[in-house]
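Q: Please take a close look at the aromatic side chains in this structure. I would like to know how they pair, how exposed they are and what surrounds them.

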Amino acid sequence: MKKFSIYFFLILFLNTALGADTLSLSFFQNMTDNLFQNRYSEPDQISSFNFYIDKNISGFSFFTEGNYSYLHKNPKLAYYLHDIGIDYLRPVNEKTAFYFSLIGQGAFYRSDYEDFNYFSFNFLAAFKTYISQTSILKSNYILEYKKYKYSLFDFVSHSVFLSFDKFFQTKTTLKSEISWGYKNFLHPYSSEEAIPEDYTEDNHSGRRTYIFVPKIEYEEQGIQIFSIKGLIAQGVGDRIGLRISGMKQWILSGGNPFSSVEEFYMVENPSYDSYSWTGYQLSSQLAVLVPWDIELKIGYTVDNKEFHGIESMSLEGDTLGITRKDERGQFEARLEKNFPKFSIFLSYFYIDNQSNDPFFDWQSNLFSVGIELNTFINKKK
């Protein structure tokens with residue numbers, strides 16, 4: 001309660017100091033039977049409280065956003081994220097506009113996970129133009145710099161996206177996108193590198209423990225990726241929408257400095273991101289506006305990922321001499337009801353992850369319920 005009280009008074013202070021135009025508050029309660037997303041299925045509940053405040057001045061938008069997440073059975077993994085940023089929209093004419101944003105972010109974990117603490121800087125430049133009344137061309141560039149407590153994770157990345165949207169009178173939408181990214185690990189060998197050793201279930205999570213082995217190299221290391229995406233969406237009347245999308249990604253060069261990659265539920269792990277794999281994703285979704293204007297979404301996603309440079313290991317910790325590959329099926333159902341000043345959410349996920357590394361062969365059920373409150377203080381917002 002003490003932490004939530006401090007959080008509440010921080011929001012009141014920022015809201016008063018900024019003279020905010022918009023204040024958004026949300027609370028989510030998440031429940032999972034596999035927090036660490038591995039074969040040992042550690043259950044937990046995550047309470048997440050978020051706020052967002054912005055203020056518009058002479059065409060610029062100043063904003064700040066915070067998120068505190070508390071894990072009930074793994075409180076040492078609780079964390080706080082905070083963003084501060086500014087963005088600017090510059091119209092060229094009625095059809096074309098530029099958008100720019102600068103964001104600083106900090107992540108703060110407790111002492112047992114303080115290696116995940118970081119400060120980051122993000123710059124986004126975007127361009128959008130209507131080629132015709134039914135087609136849009138968009139592009140953007142993203143620069144991201146992150147400095148972690150554990151310097152092995154430090155990186156600078158550059159991403160470029162180009163997309164084309166086409167709309168038809170039949171309520172059909174087509175979208176295509178190509179993207180390129182480069183992630184440069186700044187200190188991959190300047191400190192000791194984590195490699196897996198034998199592990200037990202004594203910590204009740206089944207997570208692999210790590211030892212640290214010194215490296216004598218002091219080189220930078222990078223990963224270059226390229227991807228293509230496609231989407232087709234179809235409206236059926238005023239209450240039904242269908243969507244099918246696909247994505248294919250390649251690693252063009254390089255690799256990461258990790259000997260193992262892991263993902264957690266609702267908690268960022270810097271070893272696992274879009275740069276850590278090559279493969280494809282297929283997704284479908286049905287959206288229906290049911291009685292009482294409740295929005296129902298049902299979807300299914302298939303992922304096939306190969307983790308370049310990562311070897312599969314036996315449960316005894318011995319390498320199997322093959323590259324780790326995961327095939328994942330994910331079912332999602334979500335209900336959302338929007339009211340004039342707030343929205344409520346209820347969602348369920350089932351994930352079946354099959355891997356040639358037996359440690360990452362797992363299933364999981366995920367439940368989430370939440371409420372979001374939006375207050376537009378400035379009526380012109």
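A: Tyr52 has a relative accessible area of 24% and is partly exposed, because buried would require a value under 20%. This value, like the others here, comes from a predicted model. The ring of Tyr52 pairs with that of Phe63 in a stacked arrangement, with 6.2 Å centre to centre and 25° between the planes. The angle is under 30 degrees, so the pair counts as stacked. Tyr52 belongs to strand S2 (residues 44–57) and Phe63 to strand S3 (residues 60–71), so the pair ties together parts eleven residues apart in sequence. Phe63 is buried, since its relative accessible area is 10%.

A second pair has another geometry. Phe359 and Phe360 meet edge-to-face, at 5.0 Å centre to centre and with 85° between the planes. Phe359 is buried, with a relative accessible area of 0%, and Phe360 is buried as well, at 3%.

In total, the structure holds 24 aromatic pairs. Ring pairs also join a set of residues into a cluster: Phe36, Tyr79, Tyr109, Tyr113, Phe116, Tyr118, Tyr148, Tyr150, Phe153, Phe185, Phe258 and Phe264.

Tyr148, a member of that cluster, lies in strand S7, which covers residues 135–148 and also contains Tyr145. Tyr145 has a relative accessibility of 32% and therefore counts as partly exposed. Leaving aside neighbours within four places in sequence, Tyr145 is in contact with Phe119, Ser120, Phe121, Phe155, Val156 and Leu186. The C-alpha atoms of Tyr145 and Asn184 are 9.6 Å apart, with their positions 39 residues apart along the chain.

Charged side chains also lie over aromatic faces. Arg324 sits over the face of Phe307, at 4.3 Å from the ring centre. Lys166 is placed over the face of Phe168, at 5.8 Å from the ring centre.

One further residue touches an aromatic side chain's residue without having a ring. Ser347, in strand S17 (residues 342–355), is buried, because its relative accessibility is 9%. Not counting residues up to four places away in sequence, Ser347 touches Ala333, Arg334, Leu366, Phe367 and Ser368.

Technical notes:
Residues are numbered from 1 along each chain as its sequence is written. This is a predicted model: local features need pLDDT of at least 70, side-chain atom pairs count only at pLDDT 80 or more; totals for chains, interfaces and linings use all residues. Side-chain values use heavy atoms; hydrogens and water are left out. Helices (H or I, at least four residues) and strands (E, at least two) are DSSP runs, numbered from the N terminus. Buried means under 20% relative accessible area, exposed over 50%, partly exposed in between (1.4 Å probe, protein chains only). Contact means heavy atoms within 4.5 Å. Rings of Phe, Tyr and Trp (its six-membered ring) pair if their centres lie within 6.5 Å; planes under 30 degrees apart count as stacked, over 60 as edge-to-face and the rest as tilted. A charge sits over a ring if NZ of Lys or CZ of Arg is within 6 Å of the ring centre and within 35 degrees of the ring normal.
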